[in-house]
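The following paragraphs offer a guided reading of a protein chain and its ligand. Please keep the sequence and the coordinates at hand while reading.

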Amino acid sequence: MKFQSNFSLKNYNTFGIDVKAKRFISVASEAELIELLETEKDIFLISGGSNMLLTKDVEKTTVHIDIKGVTSNNIDENSVEVAVKAGENWHDFVLWCVAQNYGGLENLSLIPGNVGTCPIQNIGAYGVEVKDVISYVKAVHIETLKFRTFSNEECEFGYRNSIFKNELKGQFIITEVGFVLSRQNHQLNTSYGAINQQLVENGINQPNIKDISEAVIAIRSSKLPDPKEIGNSGSFFKNPVISMAHFQRLQSEYPEIPNYPMNAEQIKVPAGWLIEKAGFKGQRFGDAGVHERQALVLVNHGNATGAEVYDLACKIQNTIEKDFQIRLEMEVNIF
Ligand code: EPU
């Protein structure tokens, strides 16, 4: 096993924050991971680095999960189960599925990060959440080194949420995820307005999964910054859910406020809209900023420190609370 010291994590987090890991190791197999865990348990995990904001150097041993591999087994003529190791790049995997004509993940094209972290926050976009197609999550228990396979139900998925962010936080390392995908008669999800619009623009009226993937890629590329060009972690905040009474008060002042009713008492409002309304869209404070086309995304224009991005996030939280009496919750993990 090869450790490196004072290793820069700049290329290992999509925000492009330049902090150092005191000790760094990349593991390429489950066996290597177990070997490491036999002697070290107090570790800092990094995978795709797409949902984290690093605000300081990492003292613990940083373990980069680089376990690769994809295998598939046909269940019947309609569906296939695909087992994917944690270190596979998410978008490459989605493109592979589209190329095999395996349906279910096309709406989740171009989301940054790796397969192993997709269940933790139940990634979602354009009307689909990854929980819709996950069949199991395999993970190793850090304390006992025993592997456990969680069924979809056992993952306790919710909006940007799962058991791995709650009761089991920090206890397991995900090494593999299983997906059940369709091989024919794909259930296309084009209900999200922007997808329909994009398909029309592309001149497509009978879309297949490749058309949807391409439409999603076009929408995301037009709205969301590419982390290779400008550091970011996608949505920085969750969309808040507020009471209907609270919403009605806001709506009387802002009749145009977009909203997604959850049930009779609760309603979700887009954090991006609130942040834009508060005047932050496109603003820049040194190298930390708010993206000019999607206010939900905080960006690193080059050399921002994690602390600078975090300060901006707190400033936004405080302003939104003052202006709208809503406390935004950060979606990105802060270290
Ligand atoms: N809006 C604004 N100003 C903005 C951004 C959004 O007014 O700067 C308004 C839009 O006009 C629209 C509404 O807010 O009426 C919703 O915007 P959008 O469709 O862009 O989606 P979102 O709610 O802001 C969520 C996810 C995204 C996902 C999109 C599409 C969360 C926290 N974010 O964003 O996920 O791609 O829906 O499904 O749920 C991510 O998690 O990294 C991510 C990008």
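Of the 335 residues in the chain, buried residues make up 50%. The model is a predicted one, and its values are computed from the atoms of that model. The secondary structure comprises 7 helices and 20 strands. As to overall dimensions, the C-alpha atoms fill a box of roughly 60 × 50 × 35 Å along the principal axes. The chain has a radius of gyration of 20 Å, which agrees with the value near 20 Å that a compact globule of 335 residues would have.

The ligand provides a natural point of entry. Which residues come nearest to the ligand? Among the 23 residues around the ligand, these are Y126, Y159, Y192, K223 and E276. Two of these residues also supply polar side-chain atoms at short listed distances. An N or O atom in the side chain of Y159 is 2.7 Å from an oxygen atom of the ligand, and a polar side-chain atom of K223 likewise lies 2.7 Å from a ligand oxygen atom. The backbone takes part as well: a polar backbone atom of S235 is 2.8 Å from an oxygen atom of the ligand. Taken alone, the ligand exposes 810 Å², and the protein buries 82% of that area.

Where in the fold does the shell around the ligand originate? Two or more residues are given to the shell by each of β8 (124-125), α4 (209-223), β13 (231-235) and α6 (271-277). The largest share, 3 residues, comes from α6. In terms of domains, the shell draws at least three residues from domain 2 (70-223) and at least three from domain 3 (231-334). Its composition by class is 11 nonpolar, 6 polar and 6 charged residues.

Strand β13, which contributes to this shell, merits a closer reading. N232 lies in strand β13. Is N232 buried or exposed? Its relative accessibility is 3%, so N232 counts as buried, the cut-off being under 20%. The side chain of N232 has two polar partners in the backbone: the backbone oxygen of P225 is reached at 3.1 Å, and the backbone nitrogen of G234 lies 2.9 Å from a polar atom of that side chain. S233 is found in strand β13 too. With a relative accessible area of 5%, S233 is buried, and its side chain reaches the backbone oxygen of S50 at 2.8 Å.

The loop between α4 and β13 offers a contrast in exposure. K228 is found in that loop, and because its relative accessible area is 78%, over the 50% cut-off, K228 is exposed. Along the chain K228 and A295 are 67 residues apart, and their C-alpha atoms are separated by 19 Å.

A loop position may nevertheless be buried, as another residue shows. I17 lies in the loop between β1 (4-8) and β2 (20-27). Its relative accessibility is 1%, and I17 therefore counts as buried. I17 and V200 are 183 residues apart in sequence, with a C-alpha to C-alpha distance of 39 Å.

Note on methods: Residues are numbered from 1 along each chain as its sequence is written. This is a predicted model: local features need pLDDT of at least 70, side-chain atom pairs count only at pLDDT 80 or more; totals for chains, interfaces and linings use all residues. Side-chain values use heavy atoms; hydrogens and water are left out. A residue is near a molecule or strand if one of its heavy atoms lies within 4 Å of it. A polar contact is a pair of N or O atoms within 3.5 Å; within protein, one must be able to donate a hydrogen and the other to accept it, and residues adjacent in sequence count only if both atoms are side-chain atoms. Accessible areas come from the Shrake-Rupley method with a 1.4 Å probe; for residues, only the protein chains shown count as cover. Helices (H or I, at least four residues) and strands (E, at least two) are DSSP runs, numbered from the N terminus. Ala, Val, Leu, Ile, Met, Phe, Trp, Tyr, Cys and Pro count as nonpolar, Asp, Glu, Lys and Arg as charged, and the others, Gly among them, as polar. Domain bounds come from an automatic or database domain assignment. The radius of gyration is taken over C-alpha atoms; the globule rule is 2.2 Å times the number of residues to the power 0.38. Buried means under 20% relative accessible area, exposed over 50%, partly exposed in between (1.4 Å probe, protein chains only).
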